[in-house]
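Please read the following account with the sequence and the structure side by side, beginning with the whole and then turning to the places where helices meet.

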Amino acid sequence: MRQFTTKPKACLFVRNSLASLALCLTLGTACPALADDPVQVQRTMEQAIEIHQQTQKQTDEWSGRKQELQARHEYLLAEKERLQAGRTLAMERRDLEAKMVAETRRSIEGATEFERDLMPFLEKTLTRLEEAIARDLPFLPQERSQRLAELHEILIRPDASAAEKLRRIMEALQIEADYGRSVEVYQDTVSVDGVPLLVDILRLGRISLFWRTPDGLLAGHFDPVTRQFTPLPKDSLDQVTKAMEVARRERTAELLELPIGRIEPQ
């Protein structure tokens, strides 16, 4: 901040004038001829006063300029320190980012290698899952076929990560495993003796499938030997109906006799 001198100019002017007057008196004393010419003395004094005034003015101007330069110098020093601190921080940040980039590159390389090793396993698992579903009871065919198609799609998608592909495969395996310990009733169209029928299907885990027409007049099951939906005798209709009601939680559980056939290991 610019600071101005507190020394009054009037005082300086008086001091310089007195000095000039003293100089003139000295000259007058030293040069009697000059002392005899008042006009010359007056002119000399005025010149001396003018010189002193100009000198004082230049001194004041330089003092102000000096203060400005000092303030500028202090500002530049502070700015230099700020820039040096910013430069140091930028260098530290650059080093940290370089380290993060290196770690990310190593992670990508590791993920790429992991995916390269994982893909054959996932493809083989999907193939085995398709084979198991083909040998299994034909329940929920649309739902399971759509799930297999989505798995094929996710395995070939380049934007899907290895973790996502693995998660989807494991999820499908879990769903198939849950079928083995659940009971449900759903509606579907099946072919009975070559005739398509809309029926209610009772799935008993992965053990057996039973069907019944909505009017309750016909019932049957899926024959795992012929792999066909076939009718059951009339005396099985009541048992199939009760089993469906239990599965729907419409009645309490009870022992029922259903022709589930012979279980053979696959």
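Of the 266 residues in this protein, 26% count as buried, and it should be kept in mind throughout that the model is a predicted one. The accessible surface amounts to about 18900 Å², and carbon and sulfur atoms hold 58% of that area. The protein contains six helices and five strands, and their order along the sequence is α-α-α-α-α-β-β-β-β-β-α. Among contacts with a separation of 6 or more, 48% are made by residues that stand 24 or more positions apart.

A good place to begin is with helix α3, which covers residues 38-135, and its meeting with α4, for the axes of these two helices come within 11 Å and cross at roughly 165°. Because angles over 145 degrees count as roughly antiparallel, α3 is described as roughly antiparallel to α4. The crossing of this pair is left-handed. On the α3 side the residues that take part are M119, L122, E123, L126, L129, E130 and I133, and on the α4 side they meet R144, L148, L151, H152 and L155. Sorted by class, the contact of α3 with α4 is made up of eight nonpolar residues, one polar residue and three charged residues.

The next pair to consider is α4, residues 141-156, with α5, residues 162-179, whose axes come within 9 Å and cross at roughly 160°. That angle makes α4 roughly antiparallel to α5, and here too one can give the handedness, since α4 passes α5 in a left-handed crossing. From α4 the contact draws on E143, R144, R147, E150, L151, I154 and L155, while α5 contributes E164, K165, R168, I169, A172, I175, E176 and Y179. The residues of this contact of α4 with α5 divide into seven nonpolar and eight charged, with no polar residue among them.

One residue of this contact deserves a look of its own, namely R147, which has its place in helix α4. Is R147 buried or exposed? Its relative accessible area is 17%, and because buried means under 20%, R147 is classed as buried. When neighbours within four places in sequence are left aside, R147 is in contact with A172, I175, E176 and Y179, and these four residues are listed on the α5 side of the contact between α4 and α5.

There remains the pairing of α3 with α5, where the axes come within 10 Å and cross at roughly 20°. These two helices are therefore roughly parallel to each other, and α3 passes α5 in a left-handed crossing. The contact involves F114, E115, L118, M119, L122, T125, L126, L129 and I133 of α3, together with A162, K165, L166, I169, A172, L173 and E176 of α5. By class, this contact of α3 with α5 has twelve nonpolar residues, one polar residue and three charged residues.

The last stop is helix α6, residues 237-247, in which Q239 lies. Q239 and L255 are separated by 16 residues in sequence, and the distance between them in space, from C-alpha to C-alpha, is 9.7 Å. If residues up to four places away in sequence are not counted, Q239 touches L256, E257 and L258.

Methods:
Residues numbered from 1 in each chain as written. Predicted model: local features only at pLDDT ≥ 70, side-chain atom pairs only at ≥ 80, totals over all residues. Heavy atoms only, no water. Axes fitted to C-alpha atoms, helices over the stretch in contact; angles between N-to-C directions. Parallel < 35°, antiparallel > 145°, perpendicular 65-115°, else oblique. Left-handed = near helix turned anticlockwise from the far one by under 90°. Contact = heavy atoms within 4.5 Å. Nonpolar A, V, L, I, M, F, W, Y, C, P; charged D, E, K, R; others polar. Buried < 20%, exposed > 50% of the residue type's maximum accessible area, 1.4 Å probe, protein only. Areas by Shrake-Rupley, 256 points an atom, 1.4 Å probe, with all protein chains shown as cover.
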